[in-house]
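Welcome to a short tour of a protein model. Take a moment to turn the structure around on your screen before reading on.

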Amino acid sequence: MTEITYLPEVECSIAAGFREGELAVSVPDETGKRQNLRVNKNLVASEGGKHYLAVGIVQLDYKHKRALIELPHEADSGANRLWVPFSSFRQGSES
Amino acid sequence: MILSDREIEAALEHGFIKIHPVPDRALWTSTAIDLTLDATLLKWTPKPAKTGARQQIRPNGPGEFNIKDLMDDPSWATKIQIDPRNGYELETNAFILGYTKEIVYLPNRSRLAARVEGKSSLARLGIGVHVTAPTIHAGFGFKEGLPEKKLGSPIQLEIFNISGLPVVLDVGMPICQLILEEVRELPNKGYKGQFSDQTVFAPPPKPGSKSRQRPK
């Protein structure tokens with residue numbers, strides 16, 4: 001069985017923020033609903049044309065292959081946490 | 001010291017605090033729990049006195065003043081139910097009273113107090129949820145004579161909009177956050193203030209009952 005290492009970063013789309021050094025990011029939850037927030041650029045990593053937002057992992061649900069994550073701060077909707085599928089996470093490189 | 005999510009979870013599990021219903025896991029943060037908006041709102045709508053005199057509120061005037069009497073009095077306040085489909089539009093510069101759906105009880109013995117604070121997402125839209133009175137004192141939700149399992153009260157919110165934008169409030173939306181803090185020593189008394197039992201409104205006063213209106 002192949003072991004996959006996930007980093008605490010989830011895929012997001014990005015746009016320019018309101019000020020220099022800021023990005024507007026949009027993170028979809030497991031239902032596809034997007035949560036929008038503005039963060040410092042250094043919270044977003046880019047790899048292979050994709051962008052990933054650093055998040056906190058609160059709870060793992062192996063049965064449904066999803067995780068409850070905490071955003072760096074409150075999204076525009078008021079959400080702080082959301083369930084995302086494991087496939088949203090950035091995968092670590094094999095050691 | 002502010003309680004972390006793990007400490008809040010443990011406190012709930014061991015009955016040191018009661019929040020019912022316990023908000024969904026997605027409504028927790030590292031140091032707070034979001035509470036949600038109940039369907040009932042109250043808007044101050046004073047009607048002109050029959051004499052034509054201007055009515056005033058005088059909290060520190062002669063005689064007894066009890067704001068709950070005003071809230072229950074239809075000549076001062078109107079109860080509103082939020083439309084489940086369209087929400088309630090809070091106009092700019094409007095002020096309403098609302099409640100959390102969740103009831104909260106902070107047993108005195110637990111040495112825990114709390115603060116109810118706004119949410120930054122709503123703050124950016126000019127929505128505030130309290131007017132300088134965020135403290136939920138140790139003992140909140142206690143009511144003499146009630147069994148432990150029936151204790152707890154919703155938290156009353158003073159909601160206002162200063163953004164210049166009309167903002168729609170929906171039933172069940174995350175409206176505020178509850179931050180729990182340790183109280184250093186056991187308080188002498190449990191909280192028994194007039195809002196320790198903030199159950200949603202009492203019936204309107206019967207005709208002829210004493211009113212707290214103060215015509216000038």
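Let us begin where the two chains meet: the contact takes 13 residues from chain A and eleven residues from chain B. Keep in mind that you are looking at a predicted model. On the side of chain A that touches chain B, two elements give two or more residues, β7 (66–70) and β8 (81–85) of chain A. The largest share of this side comes from β8(A), with three residues. Sorted by class, the side of chain A that touches chain B holds five nonpolar, four polar and four charged residues.

**How sure is the prediction?**

For the model as a whole, the scores are ipTM 0.71 and pTM 0.81. Chain B has a mean pLDDT of 87, and 87% of its residues reach 70 or more. One stretch to treat with care is residues 209–216 of chain B, where the pLDDT is below 50. Beyond near neighbours in sequence, this stretch has 19 contacts in the model.

**Chain A, strand by strand**

What is chain A built from, helices or strands? Its secondary structure comes to zero helices and nine strands. Walking from the N terminus, you meet the elements in the order β-β-β-β-β-β-β-β-β. The radius of gyration of chain A is 13 Å, close to the 12 Å that the globule rule gives for 95 residues, so chain A is as compact as a globular protein of that length. Along its principal axes, the C-alpha trace of chain A spans about 45 × 30 × 20 Å.

Now look at how some of these strands pair. Here are four pairs to find on your screen, each with one pair of residues that stand opposite each other.

| Strands of chain A | Sense | Bridges | Opposite residues |
|---|---|---|---|
| β1(A) and β5(A) | antiparallel | four bridges | A:E11 and A:Y52 |
| β4(A) and β5(A) | antiparallel | four bridges | A:E47 and A:K50 |
| β6(A) and β7(A) | antiparallel | five bridges | A:L60 and A:A67 |
| β7(A) and β8(A) | antiparallel | five bridges | A:R66 and A:P85 |

To place these on the chain, β1(A) covers residues 6–16 and β5(A) covers residues 50–54. Strand β4(A) takes in residues 44–47, while β6(A) takes in residues 56–61.

Two of the pairs are hairpins. In one hairpin, β4(A) and β5(A) have two residues between them, and A:G48 in the turn has a positive phi of about 60 degrees. In the other, four residues lie between β6(A) and β7(A), and the turn residue A:K65 has a positive phi of about 50 degrees.

Strand β7(A) is a good one to follow across the picture. It pairs with β6(A), it pairs with β8(A), and it also gives residues to the side of chain A that touches chain B.

**Chain B and the cores**

Chain B has three helices and 13 strands. How do the two chains share out their buried residues? Of the 216 residues of chain B, 28% count as buried; of the 95 residues of chain A, 25% do.

Which residues have the most contacts inside the largest nonpolar core? They are B:V104 and B:L106, in a core of 40 residues. In chain B, the elements that give two or more residues to this core are β2 (33–44), β5 (88–90), β6 (95–105), β7 (112–117), β10 (153–161) and β12 (174–182). Apart from this core lies another, of 17 residues, with A:Y52, A:A67, A:V84 and A:F89 among them. Two of these names appear in the table: A:Y52 is the bridge partner of A:E11, and A:A67 stands opposite A:L60.

Back in chain B, B:L106 deserves a closer look. Leaving out residues up to four places away in sequence, B:L106 touches B:I17, B:L112, B:A113, B:A114, B:I136, B:A138, B:G139, B:F140 and B:G141.

Contacts can also be sorted by how far apart the partners are in sequence. Among contacts with a separation of 6 or more, residues 24 or more positions apart account for 85% in chain B and for 45% in chain A.

**A residue on the outside**

Finally, find B:V131, in the loop between β8 (127–128) and β9 (135–136) of chain B. Is B:V131 buried or exposed? It has 11 C-beta neighbours inside 10 Å, so B:V131 counts as exposed. Its C-alpha atom and that of B:E158 are separated by 6.1 Å, although the two residues are 27 residues apart along the chain.

How values were computed. Residues are numbered from 1 along each chain as its sequence is written. Chains are lettered from A and ligands numbered from 1 in the order in which they are written. This is a predicted model: local features need pLDDT of at least 70, side-chain atom pairs count only at pLDDT 80 or more; totals for chains, interfaces and linings use all residues. A nonpolar core is a set of buried Ala, Val, Leu, Ile, Met, Phe, Trp, Tyr and Cys residues joined through C-beta atoms within 7 Å. A residue is buried if 20 or more other C-beta atoms lie within 10 Å of its own, exposed if 12 or fewer, and partly exposed in between; C-beta atoms are placed from the backbone. Two residues are in contact if their C-beta atoms, placed from the backbone, lie within 7 Å. Ala, Val, Leu, Ile, Met, Phe, Trp, Tyr, Cys and Pro count as nonpolar, Asp, Glu, Lys and Arg as charged, and the others, Gly among them, as polar. The radius of gyration is taken over C-alpha atoms; the globule rule is 2.2 Å times the number of residues to the power 0.38. Two strands pair if DSSP finds at least two bridges between them. pLDDT is the predictor's confidence in each residue, from 0 to 100.
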